[in-house]
Amino acid sequence: MAVPSFKRKHRSSSDGHSLPFTSPRTPSPSPMAWRGLTRRGFRYLILAMLAAIGVLTYTYTHRHRLPPLYENVRAEEQRLSHYKEYQHQSIKYFFAANHAHSSGWGNIMQDLIMMGLLAHATNRSFVFDDYVWNPDGSLYTDYNGKLIPSRIPLSALLSGPMVGGSMPPGDDTPRSVSKDFFHHVCPNPTVIQVPDVNTDQMRFNDDAAYVFEKWVEKINSVEDPCLMLDPSNNQVFEFWIFGNKERMLTIWPYLVNSPVATHWGWSPLIHDAYRKNRHLFQPTKSGLFAGFFFPEKENMTAPIPGLLAIHIRRGDFKDHCQNLAQWSANWNAFNSFPEFHDKFDPPPDDGSGETSQKNIDLYVQRCYPSIEQIVDKVRQVRMGATENLRYLYIMTNGAIPWVEELKATLALDMDWEHVGSSRDLKLTWEQKFVAQALDMYVAQRAQVLIGNGWSSLTSNVVMLRMIHGFEADTNRFW
């Protein structure tokens, strides 16, 4: 920025000749005045440069800031209150070192629940590990051109028995411990090879309850208190069983009474994010700061009055939904309870990778609905609901312009007191990378949910809602 220069301005007379803008009688500025202007201009220059540096620094650090490593959360996991006692007791442990990784949180959570269920059923301490996106030992991973943490400590997402919290009264199952603690007290554990137990019949045909009972039998036959599954093996319950309602729903009697599910809890980080964004889920009308002040105490598992939450997948789901059609895939099992209002029966294809355009269109409508189809479904569900639904929250990974168009269209179609979305959340840097858990927590408490039948995120939420006593007809699907 140059020091301001001053040019004498002219104006035209009525006959077109130029006349001096200032009167000839106006005295010229003194040398002192010019020096004063120069000093002021220099000060402005310095201030402008400092401001520009500040803006550039903020922009650069915001765009190039490294993802969080959650050091404080990880440190807390290494000093849980029961560790000192467990070092001097004969505690039995179960570590599924072959746990799911490199997948979205919904898929990870499915495997986590089943392994926690096995540990509890065999009266062993569940050994928890990180949510691992990339197991290569790196700190960060490039994901679609953006850096994300390669690993996130599980306590950044969860609280309760799964990450070392107390068991409910009367339950003497040992509390969970971290992987690091397990390796400290169990330097030479017994290692089970999953293929030694899982036959092909168990992998592809037997129901989940049968597989579960076989594994309980196997684990109980091991005397060594230190037990680990080989980390190079496939998971005990592989991903395709979660999409088979006939096989997977047989596990429900075990799950519905287990503290793994009944005492499932979200982390303090998630609860803090909820409190900071609560005005998006249950706004108030009165006062200058309407929507930002709520009662200090809130039942953090009770339904959120008047809230309809809808889960809309975008991004990679466009191709994924067509792929589901080509293989005649059914909904996830926990989205397929027989008492649910919305159901899906795959069309009579052979599931060989080929299908008709008609079938693809059917899948896309239920899996990747258009704005018009979303608006129609929301209207239908709201008009048929027994609850007074006044607030709408959109859980989505959609692009911001698309989400804004959807919000505007929904607001025009029906009168809502508030329409918000995942894109409206105000999150800390640490919360940003676990935001999917916040969406799940809100959906878990919504009075009514419309979800995606093929989504593991939706099915995990529906599972928690059913366990916590939500009526079956409050769980709806596109």
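Twelve names to find in the structure first: Gly116, Ala119, His120, Arg124, Phe126, Pro161, Met162, Met167, Thr173, Pro174, Ser176 and Val260 line the second largest cavity. Please keep in mind that this is a predicted model. Searching the whole structure turns up four cavities of 30 Å³ or more, and this briefing looks at the largest and the second largest.

**The second largest cavity**
- This cavity holds about 60 Å³ of space.
- Helix H4 is the biggest contributor to its lining, giving three residues.
- Sorted by class, the lining of the second largest cavity comprises seven nonpolar, four polar and one charged residues.

**The largest cavity: size and centre**
- The volume of the largest cavity is about 140 Å³.
- A set of 15 residues lines the largest cavity, and nearest its centre lie His99, Leu112, Phe126, Asp129 and Asp130.

**The largest cavity: where the lining comes from**
- Strand E3 (93–96), helix H4 (105–121) and strand E4 (125–128) are the elements that each supply two or more residues to this lining.
- H4 provides the largest share, with four residues.
- By class, eleven nonpolar residues join one polar and three charged residues in the lining of the largest cavity.

**What links the two**
- Phe126 is among the residues nearest the centre of the largest cavity, and Phe126 also appears in the lining of the second largest cavity.
- H4 gives the most to the lining of the second largest cavity and also the largest share to that of the largest cavity.

Notes: Residues are numbered from 1 along each chain as its sequence is written. This is a predicted model: local features need pLDDT of at least 70, side-chain atom pairs count only at pLDDT 80 or more; totals for chains, interfaces and linings use all residues. Side-chain values use heavy atoms; hydrogens and water are left out. On a 1 Å grid over the protein atoms alone, a cavity is a set of points where a 1.4 Å probe fits but cannot get out, and a pocket is an open set with protein on both sides within 12 Å along at least five of seven lines; lining residues have an atom within 4 Å of a point. Grid points are joined across faces, edges and corners, and a volume is the space filled by probe spheres set on the points. Ala, Val, Leu, Ile, Met, Phe, Trp, Tyr, Cys and Pro count as nonpolar, Asp, Glu, Lys and Arg as charged, and the others, Gly among them, as polar.
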